[in-house]
Amino acid sequence: MPLTPDQQAEIDAARSTPRQTLRAVSEGMEARLYHAHPVLDHGFVRVIDYMGDDAAICQAARVSYGRGTKAVSNDEGLIRYLMRHWHSTPFEMCEVKLHVKLPVFVARQWIRHRTANVNEYSARYSILDREFYIPEPDALNAQSVVNNQGRGEALSGEEAARVLDWLKADAGRAYDHYEAMISQEGQQGLARELARMNLPANIYTQWYWKVDLHNLFHFLRLRADAHAQYEIRVYAEAICEMVRDWVPAAYGAFEDYRLGGAVLSAKGLACVKRMIAGEEVTQETSGMSKGEWREFMGVVG
Ligand SMILES: Cc1cc2nc3c(=O)[nH]c(=O)nc-3n(C[C@H](O)[C@H](O)[C@H](O)COP(=O)(O)OP(=O)(O)OC[C@H]3O[C@@H](n4cnc5c(N)ncnc54)[C@H](O)[C@@H]3O)c2cc1C
């Protein structure tokens with residue numbers, strides 16, 4: 001369970017005091033506000049705040065004086081047009097603030113998305129909890145033989161058991177020493193800002209992460225992709241569900257044009273045209289490298 005009873009009580013209290021507002025409200029997002037959605041073994045993602053809805057995107061696109069809404073079908077058509085033509089600034093009018101609890105090695109990938117505002121839990125000031133990500137057996141995979149940046153089949157038998165034992169034992173031992181070093185009982189106690197260097201990258205950290213919808217879609221396009229590392233993908237997938245409830249028309253357009261769509265190179269497009277005309281195109285006659293051809297066939301094959 002990622003939340004303590006006190007933390008859950010704070011969330012319940014926040015949800016039990018609704019206020020009236022003149023601002024745009026998304027009913028789907030209101031239902032999600034503050035709730036923690038569990039991810040991995042100790043992590044979560046939850047919505048702290050948001051600004052705007054589907055209508056706010058149209059309002060900005062039309063630079064309107066009112067809500068910007070015409071008929072819902074018009075709005076959806078406009079949002080799809082904006083997405084199709086990479087007219088991105090109206091999507092930047094919507095923002096979301098998330099509270100995320102995640103392993104440090106996932107945070108290192110996540111933080112590369114620079115167009116967000118972040119405030120992380122301070123391990124100089126506070127003592128980190130004894131919480132480590134230990135993969136489920138089916139997420140404990142061997143190195144991929146076809147992709148240096150990926151994983152293959154799940155480990156099995158004695159090897160799987162040995163790896164799990166090491167992961168648990170090493171994390172526990174490092175944390176024992178962390179606690180012993182910062183302890184002030186009978187000793188000075190090492191500063192927290194130094195003692196933390198002994199902790200492994202599967203320890204959990206937390207942050208508030210605020211981002212606009214355009215840049216969130218960019219993050220989701222890369223991290224909800226089937227090729228993204230499983231441990232960040234599960235967070236991205238949870239956020240996708242939240243965004244679907246928040247801005248259903250914008251999410252629908254994103255799913256269609258970006259997440260489920262594909263971009264073809266000029267060579268790829270020429271090959272598609274030749275294939276439609278009945279020509280048998282091969283990698284050798286395509287003008288593409290082997291890698292490009294494999295990826296191209298992954299899209300159209
Ligand atoms: C499969 C995969 C593998 C990766 N492997 C590695 C790796 O091995 N090592 C590694 O270090 N990173 C790696 N990354 C991270 C990657 O290089 C990007 O840093 C990350 O995906 C963030 O993308 P971004 O810069 O587009 O996003 P953001 O930083 O959120 O930026 C969004 C957009 O804003 C603009 N922008 C933001 N900052 C600037 C800037 N300073 N100058 C100009 N334009 C800017 C760009 O248009 C950018 O696309 C990997 C990412 C993926 C998805």
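Axes here are lines fitted to C-alpha atoms, for helices over the stretch in contact, and angles run from 0 to 180 degrees between N-to-C directions. Helices (H or I, at least four residues) and strands (E, at least two) are DSSP runs, numbered from the N terminus. The model is predicted: local features need pLDDT of at least 70, side-chain atom pairs count only at pLDDT 80 or more, and totals for chains, interfaces and linings use all residues. Residue numbers start from 1 along each chain as its sequence is written.

**View 1. Helix α8 crosses helix α9.** The axes of α8 (residues 213-223) and α9 (residues 230-246) come within 9 Å and cross at roughly 135°. That makes α8 oblique to α9 (angles under 35 degrees count as roughly parallel, over 145 as roughly antiparallel, 65 to 115 as roughly perpendicular and the rest as oblique).

**View 2. Residues where α8 meets α9.** From α8, Leu216, Leu220 and Arg223 meet Ile232, Arg233, Ala236, Ile239, Cys240 and Val243 of α9 (contact: C-beta atoms, placed from the backbone, within 7 Å).

**View 3. Positions that UniProt lists under "binding site".** The unreviewed entry lists Gln109, Trp110, Ile111, Arg112, Glu120, Tyr121, Ser122, Ala123, Arg124, Arg196 and Arg223. They span 115 residues in sequence and the farthest two C-alpha atoms are 29.4 Å apart, so they do not all gather at one spot.

**View 4. Ile111 and Arg112 in the loop between α5 and β4.** Ile111 sits between α5 (104-110) and β4 (117-120). Ile111 is partly exposed, with 13 other C-beta atoms within 10 Å, while Arg112 has 8 and counts as exposed (buried: 20 or more; exposed: 12 or fewer; partly exposed: in between; C-beta atoms placed from the backbone).

Notes. Two residues are in contact if their C-beta atoms, placed from the backbone, lie within 7 Å. UniProt positions are given in the numbering used here, feature names are shortened, and annotations may be inferred rather than shown by experiment.
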